Amino acid sequence: MSKLIDLRMGLFLAALFIVTVLVPIASTLDEGSAVAIPSYLIPLMGKYLCYAILAVALDLCWGYAGILSLGHGAFFALGGYAIGMHLMREIGARGVYANPDLPDFMVFLGWDELPWFWYGFDWFPFAAVMALLVPGALAFVFGWFAFRSRVSGVYLSIITQALTFALLLAFFRNEMGFGGNNGLTDFRDVLGFSLSAPSTRIALFVLTALALAACLVIAKAITVSKAGKVLVAVRDAESRTRFMGYRVENYSVFVFTVSAMMAGLAGALYVPQVGIINPGEFAPANSIEIVVWVALGGRGTLVGAAIGALVVVAVESWLTANFPDLWLFALGALFIVVVLWMPNGILGLVEKLRFRRAKAPAKTEAPA
Amino acid sequence: MSAQLFLDGVHRSFDGFKAINNLTLSVDKGDLRAVIGPNGAGKTTMMDIITGKTRPDGGEVLWNMSTDLTRLDEAAVANLGIGRKFQKPTVFETHSVEDNIRLALKAPRGVFATLFHRSDKAEEARVTALLDQIRLTHLRTEDAANLSHGQKQWLEIGMLLAQEPDLLLVDEPAAGMTDAETMETAELLKSIAGQRTVIVVEHDMDFVRALDCRVTVLHQGSVLAEGSLDHVSARDDVIEVYLGR
């Protein structure tokens, strides 16, 4: 049986560890120092790591089980909303309207009491559990119906896209009670720590890095288990797997749910670092971009997915800052390049080159 | 003697075409049975109905004279002890040969059972023995995608054996095999019969002859003749619909 931590996983985790240790140190240095990292950059890097978690989540269900979800942004956003609701409650009476019982947007809408689905979110552990449970439950119910009816392939992709679009429209409505168009924002602190304090930012960054490492290890553990082999079997020859006595729908629901919960976790870590969650996160384009990250990094490699996300969002940040009009063209070009010349993504390319170099000397010796 | 598998008046039509038409067939435990018939005779549809892939429009398929297979899905039928080999060899291409066998081994099929599964010595010994039997030991860690057509056929037969089914449904096992491999396959199936029931669908007459067993001739979705190969191939109606063409 394959090992839990192979070479590429080991290298990535080591690199992640070094960054996680160095970034907090560099951020405490004098601003004049060449390697100092300004405090405002830390949440940005934390955000990138959240995207990496999201990419790992999608790779688990797309790369290994062949479930191409075009709606993973929805699970991410739901996790984000769950934590966002808690952060709203933590504002308390410090809002613009200084209402101790209601968030500002509810006062603005003229509501006089908290809707029932906001109950419990005052308590952080409840919100934290909900950030995993709500995306998980949605994925479970959705998957249960879809996979039992044997919806798969393109049809599944389309309905997951419809799912996130439907949620986008729903969350835009003020009547939903999630802040409508503006979403949830103006957060002050989390668990009593100010969100703008450098120490809180560092803590959230480190937490996100740990979450990424944990998700990678969990996803890897699933894929190297016998269940993971069944998932690949489903991906490659679904009916063969059925005739062997495996309930394909149960495996699909399982991996889809785990993946959605990981996406929810990514969203939950994202919101305190960017300071806002709004319905825009449900936009279908966001979900499609996740697919691009995974494809670019290397589908079915987990580590590759994380690298893909980091590379694309880093390029995106740089391009949108310097050549704002070019980004979408660059994204499209990137996708075309991957599809045409890098079927196994960045990781596939790196390993191919390494393999070729390792093999080359042997070849030259052969004729002699 | 009661039949292990009993198809009773099974019907199935596709867009008005009667693929299976009042098919009645009975196979006893431990039998080796060859099913032959021209293209479109309903051989594969019959397998689909037995294994739960296709629901018949009418009729019953009884397992051990008690369970009606037509109410079950593929996984449930497989877990009753009915294994199937496809016409086109279907193995898990990105898995190694040994992993293909491992996945097929008789074991709990639930998600959590496999998630926390640990392989032990008995399992490894079983994998080794099966690989030996299908002569793929030297290719143990090779990806199944790299096997030749004939090797894939053997691997799929190995996977079928790993499931330890009571009934094996084997669809054209000799397709794409060399003559020597074909004869070896026939010997293998003959050695399995007795302890397990084997139903073979086949076109290759030399192969059917080598099986040396009772033959059922299907035509237009129902049984045209049944008996030894010599008996059925001597009948005029069989010659007309099948052998004569």
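Student: How many residues does each chain bring to the contact between chain A and chain B?

Tutor: Good place to begin! In this predicted model, chain B contributes 21 residues to the contact and chain A contributes 21 residues.

Student: Which elements of chain B give two or more residues to the side that touches chain A?

Tutor: They are α2 (74-80), α3 (97-104) and α4 (111-115) of chain B. The most comes from α2(B), which gives 4 residues to that side.

Student: And what classes of residue make up the side of chain B that touches chain A?

Tutor: Sorted by class, that side of chain B holds 7 nonpolar, 9 polar and 5 charged residues.

Student: Let's turn to the chains themselves. What does the secondary structure of chain A come to?

Tutor: Chain A has 14 helices and 4 strands. For chain B, the tally is 10 helices and 10 strands.

Student: How should I read the radius of gyration of chain A?

Tutor: Set the value beside what a compact globule would have. With 368 residues, such a globule would have a radius of gyration near 21 Å, and the 22 Å of chain A agrees with that. Along its principal axes, the C-alpha trace of chain A spans about 85 × 60 × 40 Å.

Student: What does the radius of gyration of chain B look like by that reasoning?

Tutor: For 245 residues, a compact globule would come out near 18 Å; chain B has 18 Å, so the two agree. The box filled by the C-alpha atoms of chain B, taken along the principal axes, is roughly 55 × 40 × 35 Å.

Student: What share of the residues is buried in chain A?

Tutor: In chain A, 44% of the 368 residues count as buried. In chain B, buried residues make up 44% of the 245 residues.

Student: Among contacts in chain A between residues at least 6 apart in sequence, how many join residues at least 24 apart?

Tutor: For chain A, 77% of those contacts join residues at least 24 apart. Counted among contacts between residues at least 6 apart in chain B, the figure is 66%.

Student: Now, how do I describe two packed helices?

Tutor: The general idea is to give the angle between their axes and the distance between the axes. Take helix α2 (residues 41-64) and helix α7 (residues 198-224) of chain A: their axes come within 9 Å and cross at roughly 15°. Angles under 35 degrees count as roughly parallel, and α2(A) and α7(A) are therefore roughly parallel to each other. Their crossing is left-handed. By class, the contact of α2(A) with α7(A) has 21 nonpolar, 3 polar and 1 charged residues.

Student: I have one more topic, the backbone angle phi. What sign does phi have in most residues other than glycine?

Tutor: Most residues other than glycine have a negative phi. Now look at B:Asn64, where phi is near 55°, a positive value in a residue other than glycine. You will find B:Asn64 in the loop between β4 (58-63) and β5 (67-68) of chain B.

Student: Why does B:Asn64 count as partly exposed?

Tutor: Because 14 other C-beta atoms lie within 10 Å of B:Asn64, and partly exposed is the class between 12 or fewer, which is exposed, and 20 or more, which is buried.

Student: What about phi of B:Gln220?

Tutor: Phi of B:Gln220 is near 50°, again a positive value in a residue other than glycine. B:Gln220 sits in the loop between β9 (214-219) and β10 (222-227) of chain B. With 16 C-beta neighbours inside 10 Å, B:Gln220 is therefore partly exposed.

Definitions and conventions:
Residues are numbered from 1 along each chain as its sequence is written. Chains are lettered from A and ligands numbered from 1 in the order in which they are written. This is a predicted model: local features need pLDDT of at least 70, side-chain atom pairs count only at pLDDT 80 or more; totals for chains, interfaces and linings use all residues. Axes are lines fitted to C-alpha atoms, for helices over the stretch in contact, and angles run from 0 to 180 degrees between N-to-C directions. Angles under 35 degrees count as roughly parallel, over 145 as roughly antiparallel, 65 to 115 as roughly perpendicular and the rest as oblique. A crossing is left-handed if the near helix is turned anticlockwise from the far one by less than a right angle, and right-handed if clockwise. Ala, Val, Leu, Ile, Met, Phe, Trp, Tyr, Cys and Pro count as nonpolar, Asp, Glu, Lys and Arg as charged, and the others, Gly among them, as polar. The radius of gyration is taken over C-alpha atoms; the globule rule is 2.2 Å times the number of residues to the power 0.38. Two residues are in contact if their C-beta atoms, placed from the backbone, lie within 7 Å.
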